[in-house]
Amino acid sequence: MPNWARRRLTDHQDDCTVLKNPHKGWYVHYVDNGLNNPRYRCDIAPGDTLADFPGLNHMYLRLDWSDLEPAPGQFRWDIIDDIMAQWAPLGYRFSIRLCCSETDENMPYATPKWVEEAGCPGRWCTVRRATHQVWEPDYGHPVFLKNHEAFLQAFAKRYDGNPLIEFVDVGSYGNWGEGHTSSTSNIQWPKEVILAHLDMYSRTFKRTRVLANYDLGASFEDYDTALEVMQYAAAMGMGSRNDSILVNYYLRFGYSTIQQADWFEPFWRQAPVDLEVGHYQSVKKLTAEQFRAGLPIAEAMRQIHATFCGFHGNPRLWLKENNALAYYMANRMGYWLFIPWMETLSAWQAGNRASWVMGIDNRGVAPLCWPVKVQVRLRHLASGRAVCCQDTGLDARRWLPGESCERLELDVPADFAGPCQLDIRLWDEGLNMPIAFGMKADWCREDGWQTIDDMMVLPAPQI
C-alpha cells in the first residue's frame, strides 16, 4: 500500500545561477537629472546590450514635465517610445519618474514655463552650493495641481497598465522629484500638500504600480507626521522608494545608511520597494571603511525588503568593480523561490484525485508583488500526454520570505498508469512569460515548466 511521506528535493535546487525573472532586480539610471543631461546613458557604448549584467531588469527614466509637455496639451511621448523601442526588444522593462524641479543651470524650468504663465505662483531659488537659480512652483496651488494632474492623466492614458513599465514613482514634489526642497527653497510644504500629490497619483494610475518616495515623509522633522504620510501612501496600495544610500549625509545612520527602515514596513508585503544607491562618482570617494566593499547595499536591501536596486553611474565600471556584489544581490532582491520538499503518497492511483503538500522557500527579501497563475501538470512519460491545471487558485504573492507550504490537487486520468512527472509553472499573463523557481537545468522543461519530482501512478482498480 502506498504510504504518505515527505520527500526532500534539495538535489533539484540551483542557488548559483542568476535567474532572469521579471518584476525584480537591478536597473540603470538611463535618463538621470533630466533629458538634457546625457548621464548616464552616455556611458553605454553603442551596441552594448549589457546582456552579461546579472539580473539587470530595467532602465530608469527620470524625465521632466517641461520636456514631455512643452506647450499645453502638446506631448512628446516619442521621447519615451524611442527609448522603449531600443531596449524593450532586448528584454528590458522601464520605470519612470516625472519631475517638476531640477537644479541644473541649463534646466531652470522643470515645471513648464507655461504653467507659471497660466497663473501658478513660484519663486526663483539659488541652488545650494551654486550661484545659479531655478524656478520652483507653488506645489499646493490649484493651477499647479490642476495642470499637473491633466498631464499625468494624459500620460496614464498612453502608458497605464503597459506591461513594459514596472512602476511609476511620485515625482511631482521636490528637488529631482525626491520629496524635499533642500537644494532650493528648503521649504517644508504642509502635510496636506503632500497628501494631495499622493491622491493625484492614486486617482491617475489604476494598473501600473506607484511608488512613494520615503522623503515625502522623511522631510518632516516630526516623526509622527512622517510616519502618517508613509502610512497614507501604503493605505492606497503604493510601494516605496529610497533616494538614496551611501551618501555622506546618511553615513550617520549606521552600517546600511538607511535613515529609518521602519518607514518601509507598511509597504513591502503588498508592493515593491526600490533602493537607490548614490551617484557612483561620489560613492567612490568614500573610504574603504565607509564603503565596506559595497556590503551596506546588501544590508540595506535586506532591511527595507527591496525588490529593485539601481545605481547612478557607468554600468560597465560598476559591474567591473562590484562584480561579486552584483551577482550576490541579483537573486536575493525581491522574491527567489525554491521547492525544498513535498509530502504525498509514495504512489498515486490512475482514475483518482491526487493531492500533495509542497514546501515553498522564498530566499529573497520580499514577496512577488505581481499576480501570476500557479499551474501544475502531470506528464505520462510513456505516451507523452499531460493533464494540466491551468490555475490552481494559489496566490504566489503571499509567499513571504522564509518557508511556507501549499496543498494542491490534480485529477489523474484512468489511463495514466506508469512513470509520470509532476511539473509546475508560474505564469505572468501580463508579460506572457514564466517565472522560474531555483531548479537545476535537468528539471527544467519547455515553456517554463519545471519538474517537481518523479511520480509512479498505479493502475486504476478493476471493477
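This report walks through the strands, cores, open spaces, cysteines and unusual backbone spots of a predicted model.

## Strand β11 and its neighbours

A good place to start is strand β11, which covers residues 308-312. Five of its five residues are buried, so the strand is largely enclosed by the rest of the structure. Look at the two faces in turn and you will find both covered. Phe308, Gly310 and His312 are buried on one side, while Cys309 and Phe311 are buried on the other.

β11 has strand partners too. Strand β2, residues 25-31, pairs with β11 in the parallel sense over four bridges. Within that pairing, Trp26 has Cys309 as its bridge partner. Strand β10, residues 273-279, also pairs with β11 in the parallel sense, over five bridges. Here Asp274 stands opposite Phe308.

## The hairpin of β5 and β6

Strand β6 runs over residues 133-137, and four of its five residues are buried, so this strand is also largely enclosed by the rest of the structure. Strand β5, residues 122-126, pairs with β6 in the antiparallel sense over five bridges. If you want a pair of residues to find on screen, try Cys125 and its bridge partner in β6, Val134.

The hairpin of β5 and β6 has six residues between the strands. In this hairpin Arg129 takes a positive phi near 65 degrees.

## Nonpolar cores

Which residues touch the most other members of the largest nonpolar core? They are Trp26, Leu275 and Ile297, in a core of 97 residues. Helix α4, residues 142-159, gives the most to this core, with nine residues. Trp26 is a familiar name by now, as the bridge partner of Cys309 in β11.

Ile297 is worth a closer look. Leaving aside residues up to four places away in sequence, Ile297 touches Ile245, Leu246, Leu275, Val277, Cys309, Trp318, Leu325 and Met329. Cys309 in that list is one of the buried residues of β11. Apart from the core of Ile297 lies another core, of 35 residues, including Ala354, Trp356, Leu422 and Ile424.

## Pocket and cavity

The largest pocket has a volume of about 1500 Å³. Its lining is made up of 48 residues, and those closest to the pocket centre are Arg128, Trp176, His180, Ser183 and Val247. Several elements each supply at least two residues of the lining: α6 (215-218), β9 (239-245), β10 and α8 (280-283). Strand β10 therefore has a place in two parts of this account, as it contributes to the pocket lining and pairs with β11.How many cavities of 30 Å³ or more does a search of the whole structure find? The search finds one. About 80 Å³ of space lies in the largest cavity. Its lining residues are Leu19, Lys20, Asn21, Lys24, Gly25, Gly55, Leu56, Asn57, Gly91, Arg93 and Ala330. Gly25 is also one of the residues of strand β2.

## Cysteines

A disulfide is a covalent bond between the sulfur atoms of two cysteines. The structure holds zero disulfides. Why is Cys99 not bonded to Cys100? The sulfur of Cys100 is the closest cysteine sulfur to that of Cys99, but the distance is 7.3 Å, too far for a bond. Cys99 is buried, with a relative accessible area of 0%.

Cys405 is in no disulfide either, and the nearest cysteine sulfur, that of Cys389, is 18 Å away. Cys405 is partly exposed, with a relative accessible area of 45%.

## Unusual backbone spots

Two cis peptide bonds are worth checking in your viewer. One runs from Arg39 to Tyr40, with omega near 0 degrees, and Tyr40 lies in the loop between β2 and β3. Another runs from Asp243 to Ser244, with omega near -10 degrees. Ser244 is in strand β9, a strand that supplies at least two residues to the lining of the largest pocket.

Positive phi angles turn up at Leu50 and Asn432, too. Leu50 has a phi of about 60 degrees although it is not a glycine. Leu50 is found in the loop between β2 and β3. Is Leu50 buried or exposed? Leu50 is buried, with a relative accessible area of 1%.

Asn432, also not a glycine, has a positive phi of about 55 degrees. Asn432 sits in the loop between β19 (418-428) and β20 (433-435), and is exposed, with a relative accessible area of 55%.

Key:
Residues are numbered from 1 along each chain as its sequence is written. This is a predicted model: local features need pLDDT of at least 70, side-chain atom pairs count only at pLDDT 80 or more; totals for chains, interfaces and linings use all residues. Side-chain values use heavy atoms; hydrogens and water are left out. Buried means under 20% relative accessible area, exposed over 50%, partly exposed in between (1.4 Å probe, protein chains only). Two strands pair if DSSP finds at least two bridges between them. A disulfide is a pair of cysteine sulfur atoms within 2.5 Å. A nonpolar core is a set of buried Ala, Val, Leu, Ile, Met, Phe, Trp, Tyr and Cys residues joined through side-chain atoms within 4.5 Å. Contact means heavy atoms within 4.5 Å. On a 1 Å grid over the protein atoms alone, a cavity is a set of points where a 1.4 Å probe fits but cannot get out, and a pocket is an open set with protein on both sides within 12 Å along at least five of seven lines; lining residues have an atom within 4 Å of a point. Grid points are joined across faces, edges and corners, and a volume is the space filled by probe spheres set on the points.
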